[in-house]
Amino acid sequence: MSKILLLNGSAHVHGCTATALEEMIGIFEAEGFETELIQVGNKAIRGCIGCGSCSSTGKCVFNDDLVNEVAPKFESADGLVVGSPVYYGSPNGTIISFMDRLFYSTSFDKHMKVGAAVVSCRRGGNTASFDVLNKYFTISGMPVASSTYWNMVHGFSAEDVKKDLEGLQTMRNLARNMSFMIKAFADKKSEYPIVEKASFTSFTDGK
Ligand SMILES: Cc1cc2nc3c(=O)[nH]c(=O)nc-3n(C[C@H](O)[C@H](O)[C@H](O)COP(=O)(O)O)c2cc1C
């Protein structure tokens, strides 16, 4: 069965971001997907230090938290949804630390896994945060699912988000579009476009 992994960057397991992700899970399950929601924001996740150790070991040098545990789940998943609350106009620090390390430390093929970013804010900074999260997908050959509005909900509490009817509708439409993309890509696996990787511009001549 195809699997979709969802990450909650908030420490609030039943907060606003979780409410948005749960709205998506309802659709994914109705569409026949297996889902797993991983709570990231309530863990102590340190940032990437750029040590490069992962390039030889294939895993993050810090083995003390969630990144190396989630990596194989991401490898076997067909889709990844990352949700974050907005903190000072950005995704929160925990999810950024997690995503930097998850994407940098894993060399498995992410091409054609479908990605979606979801953000929750009380009032502002949502589109900037949305853009940051989408960048992990678009540097990795991951097609990005979209919806009937940018993927966001508004609120300070889960109760607020439940009143954001357009936000929840956006989540349901997003989940339907993502489900469709994953199923369509699965049917065309043998026809995936080739990926060139020979060039890596590094300006070693110093010019
Ligand atoms: C440190 C911090 C910074 C925040 N910064 C913003 C912000 O820039 N814009 C905004 O609209 N809400 C901001 N908020 C509010 C949260 O983004 C908002 O309530 C969110 O929906 C909470 O989601 P959660 O329940 O999943 O944690 C901030 C909250 C905290 C704790």
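**Ligand site and a helix pair**

A backbone N or O atom of Val86 sits 2.6 Å from an oxygen atom of the ligand. That is my starting point. One caution before I go on: this is a predicted model.

Stay with the ligand. Which other residues make polar contacts with the ligand, such as His12? The side chain of His12 places an N or O atom 2.8 Å from a ligand oxygen. Tyr88 uses its backbone instead: a polar atom there is 2.9 Å from a nitrogen of the ligand. How much of the ligand does the protein bury? Alone, the ligand exposes 650 Å², and the protein buries 77% of that.

Now the surroundings. The ligand has 17 residues around it. Val86 is among the closest, along with Ser10, Thr17, Ser120 and Arg123.

Next, the helices. H4 covers residues 93–105, and H5 covers residues 126–138. Their axes are 11 Å apart, at an angle of about 10°. Because the angle is that low, H4 runs roughly parallel to H5.

Who meets whom? From H4 come Ile95, Ile96, Met99, Asp100 and Phe103. From H5 come Leu133, Tyr136 and Phe137. By class, that contact has seven nonpolar residues, one charged and no polar.

Last stop, Trp150. Where is Trp150? Trp150 is in the loop between H5 and strand S6, residues 152–154. Set aside neighbours within four places in sequence, and Trp150 contacts Thr127, Phe130 and Thr170. Take Phe130. Trp150 and Phe130 are 20 residues apart along the chain, yet their C-alpha atoms are separated by 7.9 Å.

How values were computed: Residues are numbered from 1 along each chain as its sequence is written. This is a predicted model: local features need pLDDT of at least 70, side-chain atom pairs count only at pLDDT 80 or more; totals for chains, interfaces and linings use all residues. Side-chain values use heavy atoms; hydrogens and water are left out. Axes are lines fitted to C-alpha atoms, for helices over the stretch in contact, and angles run from 0 to 180 degrees between N-to-C directions. Helices (H or I, at least four residues) and strands (E, at least two) are DSSP runs, numbered from the N terminus. Angles under 35 degrees count as roughly parallel, over 145 as roughly antiparallel, 65 to 115 as roughly perpendicular and the rest as oblique. Contact means heavy atoms within 4.5 Å. Ala, Val, Leu, Ile, Met, Phe, Trp, Tyr, Cys and Pro count as nonpolar, Asp, Glu, Lys and Arg as charged, and the others, Gly among them, as polar. A residue is near a molecule or strand if one of its heavy atoms lies within 4 Å of it. A polar contact is a pair of N or O atoms within 3.5 Å; within protein, one must be able to donate a hydrogen and the other to accept it, and residues adjacent in sequence count only if both atoms are side-chain atoms. Accessible areas come from the Shrake-Rupley method with a 1.4 Å probe; for residues, only the protein chains shown count as cover.
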